[in-house]
Amino acid sequence: MKRLLVLSGKGGTGKTTVSSSFIEFAQARAIADCDVDAPNLHLITKMEVKPEVSDFMGAEKAVINPEKCIGCGQCAEYCRFGAVKSCGEVYQIQDYACEGCGICEYVCPQSAVIMKDDVAGRQELYKGETVFSTAALKMGRGNSGKLVTAVKLAMLKAAPETELAVVDGSPGIGCPVIASMSGMDLVLIVAEPSVSGKNDLERLIKTAESFQMKMGVCVNKWNTSPEKTEEIEEWCNVQGIPFMGKIPYDKEVLKAVNAGKSVAGVDCPARTALLQIYQNVRNELKYNKNKKEIIVMKIVVAAMGKEVAGHFGHCENFIFFETEENKIVAENSVPNPGHRPGFLPNFLADHGAEVIISGGMGGGAVDIFNERGVEVIVGAQGDAAAAVEAYLKGELISTGSICHEHEHAHECGEH
Ligand code: SF4
Ligand code: SF4
């Protein structure tokens, strides 16, 4: 699974228009909205399943017990954030202004102040055929970077098998943007063809560069300023940042956005441009930062939980390991769907297996894997991930031992 992050230097540049179109073009089944201050991707994804909802706990906030408060005002005097206000004869905390420093608790002579965990936001995870992770931060709450990380991890943990995960990021260069970058394969920056748009783009690129992110740039509403668009394109070329394309101003985009639809479903010039940019992005995702093709491989281990199974057909589960440049980048365990003659090898090959690792395997299954061009490694044991790592280092050699006994052959799914 490749992970694409869509960002912009400021709000309103068309970032979500690009993200939502890419989601439809790719039929992406792993989606996240990391714009936790102003999430809006849900308006287009329109998930039909009910979400799993959880509270996001932020920093502690102060709370005054009015029963104990004698109205001495010391808490207000010492609070450097102006978060304590008098309310009749007692004092109250304005929770949006409280920074949780705890001074008011320390100075209160009546022990009327207590520090309490604060619900800083709400996280939602939709788990249908598509996994969609999103969240909204409450007014004045910090920790947006922490929440972005939680949103992204929730998506990755629940993501089904899919070629592309699309993450709609936050605008700007703040904490949530930085948090959204880790683990992404490519950052696509949507820029606006204006003086401030170019300035925002440069700031964002500088930020992404400091995290060694691979990037691409596209310009939205390019025909509102062809000169600035050309300037941005030339600047990207000089910087060695791939320019992915430009989207024209198109009234159909506005209509689609107002109808809560993705532009991918509307026949218009903006869609044509977006599709071209999408194809350029997909192509770019095949290469690493040094322009070398990324070697990806899908390795499956027949397993008992997390351990390599002794017998292929009777394993509990199959763990699909995705590897890139000889490193494991993702893993996904699926239960054994049950062995029937010739079924499992074809099932795994159909799901993209290029290598199968097992303890033992029947000769019939080996033959089918060979016919399907899947490399068979038998004789493995121990931790499944460790076996894959050993294979990637060239240290896991197949013993080639095939189960020939009738009962073994049956166990191994040979027939
Ligand atoms: S310091 Fe304590 S008692 Fe005094 S106003 Fe504040 S909460 Fe009330
Ligand atoms: S915890 Fe700190 S910021 Fe919050 S009300 Fe008390 S003194 Fe002010």
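These legends go with several close-up views of a predicted model.

**View 1. The nine-stranded open sheet.**
Here we look at the open sheet, whose nine strands follow the order β3-β6-β7-β2-β8-β1-β9-β10-β11 with mixed pairing. The edges belong to β3 (52–64) and β11 (243–247); each has a single partner strand, so one side of each is left without a neighbour in the sheet. From one strand to the next, the twist averages 20°. As a reminder when tracing the ladder, strands of a sheet pair through backbone hydrogen bonds, either parallel or antiparallel.

**View 2. The edge strand β3 and its partner β6.**
Zoom in on one end of the sheet, where β3 runs antiparallel to strand β6 (residues 113–127) and eleven bridges join the two. A handy place to start reading the pairing is Val63, which stands opposite Ile114 in β6.

**View 3. Two helices on the sheet.**
Helix α5 (residues 144–158) lies across five strands, namely β2 (30–33), β3, β6, β7 (131–137) and β8 (164–171). Relative to β7, helix α5 runs at about 165°. Helix α7 (residues 195–210) also packs on the sheet, where α7 touches β1 (2–8), β9 (186–191) and β10 (215–220). The direction of α7 makes about 165° with that of β9.

**View 4. The surroundings of ligand 1.**
Which residues come nearest to ligand 1? Of the 14 around the ligand, they are Cys69, Cys72, Cys75, Cys108 and Ala112. Sorted by class, the shell around ligand 1 holds ten nonpolar and four polar residues, with no charged ones.

**View 5. The surroundings of ligand 2.**
Around ligand 2 there are 13 residues, of which Cys79, Ala83, Cys98, Cys101 and Cys104 come nearest. This shell divides into ten nonpolar residues, two polar and one charged.

**View 6. Helix α1 against helix α10.**
Two packed helices are described by the angle between their axes and the distance between the axes. For helix α1 (residues 15–26) and helix α10 (residues 269–284), the angle is about 70° and the axes are 10 Å apart. The two helices are therefore roughly perpendicular to each other. On the α1 side, the contact is made by Val18, Ser21, Phe22 and Phe25, and on the α10 side by Leu274, Leu275 and Tyr278. By class, that contact has six nonpolar residues, one polar and no charged.

**View 7. Helix α11 beside helix α12.**
Helix α11 (residues 343–350) packs on helix α12 (residues 363–371) at an angle of about 30°, and their axes are 8 Å apart. That angle makes α11 roughly parallel to α12. The crossing of α11 past α12 is right-handed. Leu344, Pro345 and Asn346 of α11 meet Ala365, Ile368 and Phe369 of α12 in the contact. Of these residues, five are nonpolar, one is polar and none is charged.

**View 8. The hairpin of β14 and β15.**
Strand β14 (residues 317–324) and strand β15 (residues 327–335) run antiparallel, joined by eight bridges. To follow one rung across, take Glu322, whose bridge partner in β15 is Ala330. Which residue of this hairpin takes a positive phi? Look to Glu325, with a phi near 45°, in a hairpin that has two residues between its strands.

Technical notes
Residues numbered from 1 in each chain as written. Chains lettered and ligands numbered in written order. Predicted model: local features only at pLDDT ≥ 70, side-chain atom pairs only at ≥ 80, totals over all residues. Axes fitted to C-alpha atoms, helices over the stretch in contact; angles between N-to-C directions. Helix = DSSP H or I, 4+ residues; strand = E, 2+ residues; numbered from the N terminus. Parallel < 35°, antiparallel > 145°, perpendicular 65-115°, else oblique. Left-handed = near helix turned anticlockwise from the far one by under 90°. Contact = placed C-beta atoms within 7 Å. Nonpolar A, V, L, I, M, F, W, Y, C, P; charged D, E, K, R; others polar. Near = placed C-beta within 6 Å. Pairing = 2+ DSSP bridges.
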